[in-house]
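Thanks, everyone. I have one structure to show you today. Let's put it on the screen.

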Amino acid sequence: MKKIFLLIATSLLALTLSACGEEKANEEIVVWTQASADHPEGKMFAERVKSYNEANPDKPQVKIENITRAGAGSGYIDKLNAAITANDLPDIFTLDGPDIGAYVDAGVLGELDGYLTEGFKEGFTEAIIDQGTVDGKFYGMGYSDSGVAVMYNEDMINALPEDVKALVPAVDEDWTWDQFVELSRKIDEFAKTTNDPAFENYEVATSLLLTDITAGAYELGTYYFTPLLWGNDANIVGEDGVTVDGVLNSEKSVEALTKYAQLFEEPALASATESEKTFHTGKSALSVSGFWYVSELINNYPDLKFKSLRYPKMSENYDGLYTPSGSWAFVRNGQIEDEERVQQIAEVMEWLTNDEASEQYYQMNGSVPTRINSVDVIDTNTDNPYHNDAWTVLKYQVEETNKSRPVSPGYPYLSETFAKDVILKIAQNKATDPETIKQYLDDAAKKIELEFEKYKK
Amino acid sequence: MKIVKKISFYLLAFIVALQFLVPLAWMILSSFKTDEVIYKDIGTIFAIIPRFEDLSFKSYTELLSFYNIFDNILNSLIYASVTVIVGLTINSLAGYALARFKFPFKDWILIFVIALMIVPIEATILPLFLVVNEMGLINTVPGYLLPFIVNVMNIFLFRQHFLSFPGELIEAGKMDGLSEVGCFFRIVMPSSLNMYITVGILTFLASWNDFLWPVMALSNAELMPVQVALNAVFSDTYNIFTSHIMAALTIVTIPIVILYIIFQKYIVSGSVQSGIK
């Protein structure tokens with residue numbers, strides 16, 4: 001027994017000492033990503049880094065480290081924050097687009113203007129440039145965009161009377177939120193009187209995935225529904241990223257959200273407590289759907305026939321940017337000041353986000369391209385009509401209407417409060433009158449203003 | 001009356017058992033279905049009763065083609081085993097010292113151990129990261145394992161157990177020529193097998209289920225334990241396949257179930273001895 005004890009103690013000491021001897025190569029450029037190594041996203045980064053190292057054998061080699069994230073990013077974000085405290089950040093790391101403002105405010109990120117090849121920044125789509133820009137300086141290079149469409153169950157729509165069917169726009173047509181609500185209303189009326197098998201499992205006209213907000217995925221609510229405000233010349237925060245009162249609770253915001261609330265007027269057309277996978281399992285005819293639905297529905301719900309439509313506008317005449325967009329981006333460690341090193345880092349970041357990378361990411365992982373020249377890689381002529389339809393809509397939105405979410409140092413709190421205290425609350429309480437909605441917005445604005453005091457210098 | 005009591009007892013036991021078994025049955029059954037079938041069956045009896053025409057190994061074959069989950073399971077088994085073997089030795093020695101020896105500041109050390117038990121891991125994770133990082137042990141196996149080998153809860157449990165250990169046995173050992181250490185390894189340890197197994201299982205489970213510390217301490221994918229690797233299935237950026245999650249959970253649950261089956265007879269008696277309930 002004594003020997004076992006001694007053996008364990010000696011092994012522990014040896015392990016500790018051997019690990020202490022390991023030194024970090026100075027030359028290596030280290031990249032942290034939130035994607036796991038086994039996931040297609042992790043594999044696409046590994047592939048990209050490999051090609052960089054092969055093409056540039058004389059330059060500092062790039063090493064990628066995969067820090068798995070949980071849920072909205074915890075795990076990865078915890079490690080990132082610990083590394084900031086320990087002054088041990090990697091050269092390059094990934095951040096979710098809306099979080100860039102907070103990290104810039106904390107002085108963690110380094111700007112990229114002046115280090116990039118001429119014209120490189122302009123190669124990104126407008127929404128991606130806006131997402132990575134704080135106070136006019138460029139910090140984040142998005143490697144993937146996103147998008148939201150309205151999807152409908154083809155079997156259900158085909159069962160509708162001709163006059164209702166006529167309300168469904170074509171894949172390349174704009175439509176308004178009022179038209180969307182009207183279609184939902186007609187579908188609901190029909191569903192309650194029909195015996196058509198397509199409506200056998202019908203529960204609600206429209207799936208909005210508000211249950212995700214209840215489950216803590218607040219950002220989804222803000223991502224899906226801030227466009228209603230944008231499309232009505234309103235926003236959740238002012239241009240400075242910290243003024244909320246008078247912006248979030250403006251008359252325009254009340255007007256937009258009163259239109260959103262029409263969906264909850266009895267008989268309700270959407271629910272805050274819809275079933276799991278409502279649209280996927282034929283329980284709703286319509287769905288406000290993130291672009292990830294496309295591969296999910298095609299691969300896992302082969303019996304579901306679904307078509308896609310553009311995200312509805314607030315008003316027919318609105319011609320500004322308004323559709324949801326944005327995703328994770330590469331940023332650089334702002335603690336590195338050596339000019340030569342920063343230049344090397346910027347070069348690697350360009351390699352990770354250039355036109356070729358953008359195309360490669362779409363092909364390997366279905367990532368929505370962020371480069372203007374790469375959007376055409378989206379194939380809308382495949383054998384699958386559902387894929388073609390959805391990507392026709394998403395491609396159009398990436399090129400023409402995608403808008404980045406607001407840049408704010410307190411974005412996480414802003415997003416959580418808007419989703420929970422406004423979007424979800426309207427649905428839960430079926431609040432449809434402008435006065436109540438104004439009250440919700442005033443309360444939310446007051447709460448956020450209090451939190452944002454610390455950002456107002 | 002006796003029969004009524006007996007029936008009521010078994011009925012209650014059956015209902016409680018169902019509460020625990022239904023989610024497990026749902027998980028295992030769902031791992032053999034497609035997402036479409038899983039969500040169609042939710043809310044019906046078919047969520048937990050198999051319809052054999054709907055079952056397939058598709059989710060398992062897909063999952064295993066994407067993820068090297070068995071490598072991560074092997075990592076977890078190694079980490080958990082090392083933590084259990086080394087941790088049991090160190091923590092039981094500490095518990096033994098606190099229970100049987102007199103030394104300066106013993107009571108203060110005991111208070112310190114008890115106080116540390118109430119500090120949640122989330123509160124210590126950042127300082128822990130800073131210390132391990134300063135030691136240059138981040139992204140190394142020792143850096144991952146060392147902080148959790150010493151476990152104040154386990155020290156306390158062992159201390160409580162050794163307080164009631166018959167001193168006559170140790171005295172007899174000493175009379176036969178055994179040293180203090182010899183008495184511990186040859187008499188105390190073998191006589192406390194149930195306690196060691198109970199604490200060992202708790203330690204194994206804690207190590208097996210740990211997520212936050214490995215994420216902080218490790219960044220090399222080849223070193224990742226299964227819970228971190230699994231998270232890639234749960235939190236895919238865009239597509240989350242419930243059938244894959246259920247297949248992964250089923251695979252990961254198997255070693256734990258085997259562990260319980262092998263050691264179940266020791267668990268209850270060990271729990272009673274240590275006061276764990």
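I'll go from the whole chain to the domains, then to the core and one lysine.

A word of caution to begin with: this is a predicted model.

Start with the overall picture. Chain A has 17 helices and 12 strands. Its radius of gyration is 24 Å, and the globule rule gives 23 Å for 457 residues, so chain A is as compact as a globular protein of that length. Along the principal axes, the C-alpha trace spans about 80 × 65 × 55 Å. Half the story is burial: 50% of the 457 residues count as buried. Now contacts. Take those in chain A with a separation of 6 or more; 78% of them are between residues 24 or more positions apart.

Next, the domains. Chain A splits into two, and each is built from two segments of sequence. Domain 1 takes 27-143 and 328-367. Domain 2 takes 148-323 and 404-455. Their C-alpha centres lie 32 Å apart.

How many residues of domain 1 of chain A are in contact with domain 2 of chain A? The count is 13, and they meet 15 residues of domain 2. On the domain 1 side, α4 (100-105) and α5 (126-131) of chain A each supply at least two residues. The largest share, four residues, comes from α4(A). By class, that side has six nonpolar, four polar and three charged residues.

Now the core. In soluble globular proteins, nonpolar side chains tend to be buried together. Here the largest nonpolar core has 177 residues. Five residues have the most contacts inside it: I100(A), A149(A), V150(A), L257(A) and I426(A). Look at L257(A). Leaving out residues up to four places away in sequence, L257(A) touches L228(A), V422(A), I426(A) and I437(A). Notice I426(A) there, itself on the list of residues with the most core contacts.

Last stop, K313(A). This lysine lies in the loop between β11 (306-309) and β12 (328-333) of chain A. Is K313(A) buried or exposed? It counts as buried, because it has 25 C-beta neighbours inside 10 Å, and the cut-off for buried is 20 or more.

What does K313(A) touch, not counting residues up to four places away in sequence? The partners are D174(A), T176(A), W177(A), G231(A), Y318(A) and Y322(A). For a sense of distance, take S408(A), 95 residues from K313(A) along the chain. Their C-alpha atoms are separated by 25 Å.

That's the tour. Over to you.

Conventions: Residues are numbered from 1 along each chain as its sequence is written. Chains are lettered from A and ligands numbered from 1 in the order in which they are written. This is a predicted model: local features need pLDDT of at least 70, side-chain atom pairs count only at pLDDT 80 or more; totals for chains, interfaces and linings use all residues. Domain bounds come from an automatic or database domain assignment. Two residues are in contact if their C-beta atoms, placed from the backbone, lie within 7 Å. Ala, Val, Leu, Ile, Met, Phe, Trp, Tyr, Cys and Pro count as nonpolar, Asp, Glu, Lys and Arg as charged, and the others, Gly among them, as polar. A residue is buried if 20 or more other C-beta atoms lie within 10 Å of its own, exposed if 12 or fewer, and partly exposed in between; C-beta atoms are placed from the backbone. A nonpolar core is a set of buried Ala, Val, Leu, Ile, Met, Phe, Trp, Tyr and Cys residues joined through C-beta atoms within 7 Å. The radius of gyration is taken over C-alpha atoms; the globule rule is 2.2 Å times the number of residues to the power 0.38.
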